[in-house]
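Colleague: I would like to go through the reasoning behind some labels in this model. Please set each value against its cut-off.

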Amino acid sequence: MGTRPLRAAAAAPLALAALALLRLSASWPSSFAAGGQRVPRPSSALQAPCSDSDLDPAPKGEPASSPSSGTSAAFPGSQPATASPPATASPEIPDLSAGSLRPLLVQLCALALGCLVGVSAALANVSTDVENVDAALGFVKRNYYDQTFNGQEWEAFRGRYLARAEKGESAKKLTREIVNSLGDRYSRVIDAASFERLMAYDPLGIGVVLARNESSEVIVSSPPFAGSAAAKAGLRQGDIVISIDGTPFANESLFAVMDRVAQADSPQVKLALRRGPASEPAKLWEETVPRARSSTPQSEVDAGVVPAVGPGNHRVGYLRLKSFGARSALDMADALGRLREEGADELVLDLRGNLGGSFQAALEIAALFLEPNSVATHVATPAAGDRPLKVNGNGGTAQQPLVVLVDQQSASASEVLAAALRGNCRAPLLGSKTYGKAAVQGVFGLPNREALALTVAKYSGPGGLAIADGLRPDGEGPVGPLRGAAAAAGLSLELSPSDYAGVDFGAGRTGSLRTCVPERA
């Protein structure tokens with residue numbers, strides 16, 4: 001039985017009881033006494049039907065509540081529990097007058113309604129747990145990379161967790177078990193507080209999480225965060241987002257549209273929305289929502305030009321990128337323009353210690369160094385299989401000789417960019433082997449404001465260049481102060497600008513790069 005029929009079945013008797021008590025209280029005769037006489041009520045407590053106590057009346061001569069009888073409760077306004085009169089006292093007849101019974105009936109009515117509210121609240125919690133577990137399972141089914149689910153048969157897997165949720169197990173516990181059972185070290189549950197902090201850096205900047213549903217429509221996947229621009233605009237979980245700033249999601253990927261909005265850094269974003277099914281929408285409208293913008297960029301590019309060491313009068317431009325954020329590609333393009341104006345003859349792209357970030361930003365930065373329509377990476381997803389991703393037709397703005405510095409902490413998006421440049425024979429890699437994270441995670445908001453981070457794709461470099469075990473360098477990197485000790489400990493040290501002057505631009509070009517053949521789309 002589902003939670004909705006269960007709630008109705010449990011609520012109906014209590015509602016009828018409450019209604020009957022109300023009607024009885026309203027219609028009771030104004031004067032009535034057993035035997036025509038009014039007799040005082042015995043001073044005893046009545047046990048609440050919703051308590052854990054035995055519902056039978058207490059034996060005569062004993063308290064109505066005792067330590068061994070379980071929890072009992074007196075109705076509001078009744079006398080405290082006391083001992084009944086001794087057996088030798090004259091028989092007492094309960095007072096059935098309207099003045100005596102009406103308060104009791106009102107109290108019974110209140111208790112019945114209280115029980116109804118309590119049962120409904122408990123069932124609502126079960127419903128919420130079922131809703132969250134069902135949402136989590138839907139995200140796993142539609143998006144998780146390994147569609148064998150770590151060797152688990154899907155229908156049995158889904159049914160097992162839904163059944164446990166319907167029996168009252170918490171969604172927080174079950175969603176973590178679901179993710180752990182996938183056996184993926186990168187997939188995890190993000191608690192509500194961490195997810196809200198993460199949302200401070202959401203690409204749209206309006207406090208809402210978007211994902212695709214089973215029909216591939218882009219939806220508001222979890223409630224907008226309290227106080228956010230999306231919440232103030234009245235967006236709800238389940239609303240369909242047709243387009244953002246005039247770009248429909250039917251034409252482009254979700255990440256591409258959101259990253260473009262983030263990089264434009266406009267003060268507002270225009271959403272085309274639908275509430276309800278496409279056949280009978282309850283509402284179709286456009287909403288212009290203000291965006292929260294930071295006064296400082298989320299990621300910075302340190303750049304400069306130094307005279308090269310050795311003969312000649314050439315100059316080395318260096319670019320140090322510490323993370324991949326929403327504005328990284330714009331920052332990199334601006335920095336390249338400054339280096340060109342300052343006369344840089346050669347370029348050093350330093351990705352040491354860069355643990356990654358936006359996958360799309362990595363591809364857009366690669367486009368600044370590669371020929372138009374070059375294959376930047378291969379992405380494998382459950383729906384599309386393995387497919388190449390090419391840089392756009394406006395790439396190749398930086399034509400100077402290039403080397404890329406990497407180390408053990410160059411990971412994820414850093415490896416995507418490094419592999420794109422190395423796989424296209426554009427630059428050798430200098431330093432030490434990279435981390436080896438060849439997985440893309442998507443973040444999916446749940447109704448309880450937690451979120452799932454699931455591995456949704458695996459990637460490799462052009463020509464099948466493997467990333468999963470780390471990218472091996474073509475030569476050693478520059479030697480700065482304490483570099484040897486830091487490398488041995490797996491740490492990254494900042495290089496001073498003068499250290500970039502000693503980079504060997506011939507490393508790799510006389511070895512592995514000589515036999516390099518770019519992948520042709």
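Colleague: Which residue is the bridge partner of Ser 243 in E6?

Modeller: Ala 272 is the partner. The model is predicted, by the way.

Colleague: What makes E4 and E6 a pair?

Modeller: Pairing needs at least two bridges. Strand E4 (residues 240-244) and E6 have 4, in the antiparallel sense. E6 also pairs with strand E7 (residues 283-290), antiparallel over 8 bridges. There, Lys 270 stands opposite Thr 288.

Colleague: Why is E6 called largely enclosed?

Modeller: Of its 8 residues (268-275), 6 are buried, so the rest of the structure largely encloses the strand.

Colleague: How do you know that Arg 274 forms a salt bridge with Glu 217?

Modeller: The cut-off is 4 Å between N and O. Their closest N and O atoms are 2.8 Å apart. Arg 274 lies in strand E6 and Glu 217 in the loop between strands E2 and E3, so the pair ties together parts 57 residues apart in sequence.

Colleague: Why does Arg 274 count as buried, and Glu 217 as partly exposed?

Modeller: Buried means under 20%. Arg 274 has 9% relative accessibility, so it counts as buried. Glu 217 has 24%, so it is partly exposed.

Colleague: What is the nearest side chain of opposite charge to Arg 426, and why is there no salt bridge?

Modeller: It is Glu 371, 6.7 Å away. A salt bridge must be within 4 Å, so this pair does not qualify. Arg 426 is buried all the same. Its side chain reaches the backbone oxygen of Ala 398 at 2.8 Å.

Conventions: Residues are numbered from 1 along each chain as its sequence is written. This is a predicted model: local features need pLDDT of at least 70, side-chain atom pairs count only at pLDDT 80 or more; totals for chains, interfaces and linings use all residues. Side-chain values use heavy atoms; hydrogens and water are left out. Buried means under 20% relative accessible area, exposed over 50%, partly exposed in between (1.4 Å probe, protein chains only). Lys and Arg count as positive and Asp and Glu as negative; His and the chain ends are not counted. A polar contact is a pair of N or O atoms within 3.5 Å; within protein, one must be able to donate a hydrogen and the other to accept it, and residues adjacent in sequence count only if both atoms are side-chain atoms. Helices (H or I, at least four residues) and strands (E, at least two) are DSSP runs, numbered from the N terminus.
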